Amino acid sequence: EIAFNVLLGVYARAGRVENAEALRREMEVLGLPLSVETYAGLASAYARRGRLEDVVAVVEEARRERVEDEERLDGVLAYALAKVGAYDALERMLNLGGDHAGEERQRDVAMLLYAYAKAARTARRERQEKEVRKVRKRADALIDAARGVGIEMTSRILHNFLMVQTAAGDMDAAELVLNEFFDPERGNGRTPPDLFTFSIMIRGYVENRLGGKALQTYKMMQSLGIESDSMVLSWAVKAGCQSPERPEILRAAVDLIIAEQKHIKVKYSSEAGDLLSLMRSCRSECPDLFDDLKRAVNDTARDSLIFREYTSKLVAVKRGQRMHKSLRGINWWSKL
């Protein structure tokens with residue numbers, strides 16, 4: 001089953017629908033169960049070919065079969081709709097009549113907001129400001145409509161709505177959403193913020209080059225007693241990396257990372273690069289903290305396979321005299 005699903009994923013990424021469908025039929029002949037990975041692979045394959053109706057059909061079939069992890073299926077459908085720009089089709093699927101407060105309606109609203117967030121991020125990356133405004137307007141209208149018919153604003157809905165604002169690059173609007181819907185004291189029935197809430201905001205600040213605010217938000221999260229994780233800390237590392245010309249932000253980032261070193265984990269080469277860049281900036285701008293930062297990285301990340309591979313590649317590139325300009329000078333780590 002695992003081998004079939006891996007191959008199905010390969011076909012999905014290549015958009016080879018015919019192969020994916022044939023593989024599914026073979027799984028059924030062999031009596032293998034169709035899992036969430038199977039359905040997600042099929043839906044992704046259809047999405048890459050722009051076959052929206054087939055994507056919806058696969059997701060609905062998976063729901064009828066009651067496969068586990070329905071949120072992942074929702075994400076696949078949202079991805080497909082954002083990819084083909086079929087917002088009207090998904091909005092018609094919402095059908096806000098009937099059981100307004102039902103869990104299915106909440107799930108559909110959250111799913112559409114997730115699609116809007118992905119679309120806003122893509123449009124902004126491609127500098128399509130008109131499309132970004134269009135997506136945000138749809139998201140605002142959806143929230144107003146959902147509240148108007150009595151749909152409860154669950155944390156999943158609010159998180160995705162917050163993600164739309166950060167993906168669109170409007171952190172002022174994101175702060176308004178945060179203040180309107182989230183409350184640490186649960187006042188007025190509002191949702192208390194959690195780790196995911198803060199991770200969305202911290203990422204948004206970093207992506208909009210507001211490193212200082214990202215670190216302030218991280219400290220606010222700590223003051224509320226919310227435990228961090230490696231992903232959120234990695235955004236704090238990025239906040240320090242993007243502000244080497246501002247020693248106060250760099251120092252705050254280094255202090256925070258030293259204190260939170262138990263969450264340092266290197267899963268991707270980009271994270272290794274961020275850590276090395278931060279250490280390089282720390283060594284030149286705040287050398288009094290460098291030994292502590294080096295010790296923290298030594299204790300947590302240096303034995304990571306990804307970290308060792310990344311640094312060894314830098315050294316190899318240096319010796320071959322083909323070092324990319326963005327990597328020059330970083331290979332000093334190998335001498336530490």
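**View 1. Arg 147 and its salt-bridge partner, Glu 180.** With a relative accessible area of 42%, Arg 147 counts as partly exposed in this predicted model. Glu 180 is likewise described as partly exposed, at 43% relative accessibility. Side chains of opposite charge can pair when their charged atoms come close. Here Glu 180 forms a salt bridge with Arg 147, and the closest N and O atoms are 3.4 Å apart. Because Glu 180 belongs to helix 10 (residues 171–181) and Arg 147 to helix 8, the pair ties together parts that are 33 residues apart in sequence.

**View 2. The salt bridge between Asp 288 and Arg 251.** The side chains of Asp 288 and Arg 251 meet in a salt bridge, with an N to O distance of 3.0 Å. Asp 288 sits in the loop between helix 15 (269–285) and helix 16 (290–300), while Arg 251 is part of helix 14 (residues 247–259), so this pair ties together parts that are 37 residues apart in sequence. Arg 251 is partly exposed, its relative accessible area being 32%.

**View 3. A salt bridge inside helix 16, between Asp 292 and Arg 295.** The closest N and O atoms of Asp 292 and Arg 295 are 2.8 Å apart, and the two residues form a salt bridge. They are three residues apart in helix 16, which means that about one helical turn separates Asp 292 from Arg 295. Asp 292 is partly exposed, with a relative accessible area of 33%, and Arg 295 is also partly exposed, with a value of 46%.

**View 4. A salt-bridge network of Glu 21, Arg 51 and Asp 54.** Glu 21, Arg 51 and Asp 54 are linked to one another in a network of salt bridges. For the model, the count comes to eleven salt bridges.

**View 5. Two surface patches, one of positive charge and one nonpolar.** Lys 130, Arg 133, Lys 134 and Lys 137 gather on the surface in a patch of positive charge. Arg 133 is found in helix 8, which covers residues 129–148, and this arginine is exposed, with a relative accessible area of 54%. The nonpolar surface patch, of about 360 Å², is made by Ile 2, Val 6, Leu 7 and Val 10; of these residues, Val 6 is found in helix 1 (residues 2–14).

**View 6. Arg 127 and Arg 209, two loop residues with positive phi.** Although Arg 127 is not a glycine, its phi is positive, at about 60 degrees. Arg 127 lies in the loop between helix 7 (103–125) and helix 8, where it is exposed, with a relative accessible area of 73%. Arg 209, which is not a glycine either, has a positive phi of about 55 degrees. Its place is in the loop between helix 11 (195–207) and helix 12, and at 58% relative accessibility Arg 209 counts as exposed.

**View 7. Buried residues of helix 12 and helix 1, among them Thr 217, Gly 211 and Ala 12.** Thr 217 is found in helix 12 (residues 211–223) and is buried, with a relative accessible area of 8%, while its side chain reaches the backbone oxygen of Lys 213 at 2.8 Å. Gly 211 lies in helix 12 too, and at 2% relative accessibility Gly 211 counts as buried. From C-alpha to C-alpha, Gly 211 and Arg 246 are 9.8 Å apart in space, although 35 residues apart in sequence. Ala 12, in helix 1, is buried with a relative accessible area of 4%, and its C-alpha is 7.7 Å from that of Tyr 46, which is 34 residues away in sequence.

Note on methods:
Residues are numbered from 1 along each chain as its sequence is written. This is a predicted model: local features need pLDDT of at least 70, side-chain atom pairs count only at pLDDT 80 or more; totals for chains, interfaces and linings use all residues. Side-chain values use heavy atoms; hydrogens and water are left out. Patches are made of residues with over 30% relative accessible area and no salt bridge: like charges are joined within 9 Å, nonpolar side chains (Val, Leu, Ile, Met, Phe, Trp, Tyr) within 5 Å. Accessible areas come from the Shrake-Rupley method with a 1.4 Å probe; for residues, only the protein chains shown count as cover. A salt bridge is a side-chain nitrogen of Lys or Arg within 4 Å of a carboxyl oxygen of Asp or Glu. Lys and Arg count as positive and Asp and Glu as negative; His and the chain ends are not counted. The place of a charge is taken as NZ of Lys, CZ of Arg, CG of Asp or CD of Glu. Helices (H or I, at least four residues) and strands (E, at least two) are DSSP runs, numbered from the N terminus. Buried means under 20% relative accessible area, exposed over 50%, partly exposed in between (1.4 Å probe, protein chains only). A polar contact is a pair of N or O atoms within 3.5 Å; within protein, one must be able to donate a hydrogen and the other to accept it, and residues adjacent in sequence count only if both atoms are side-chain atoms.
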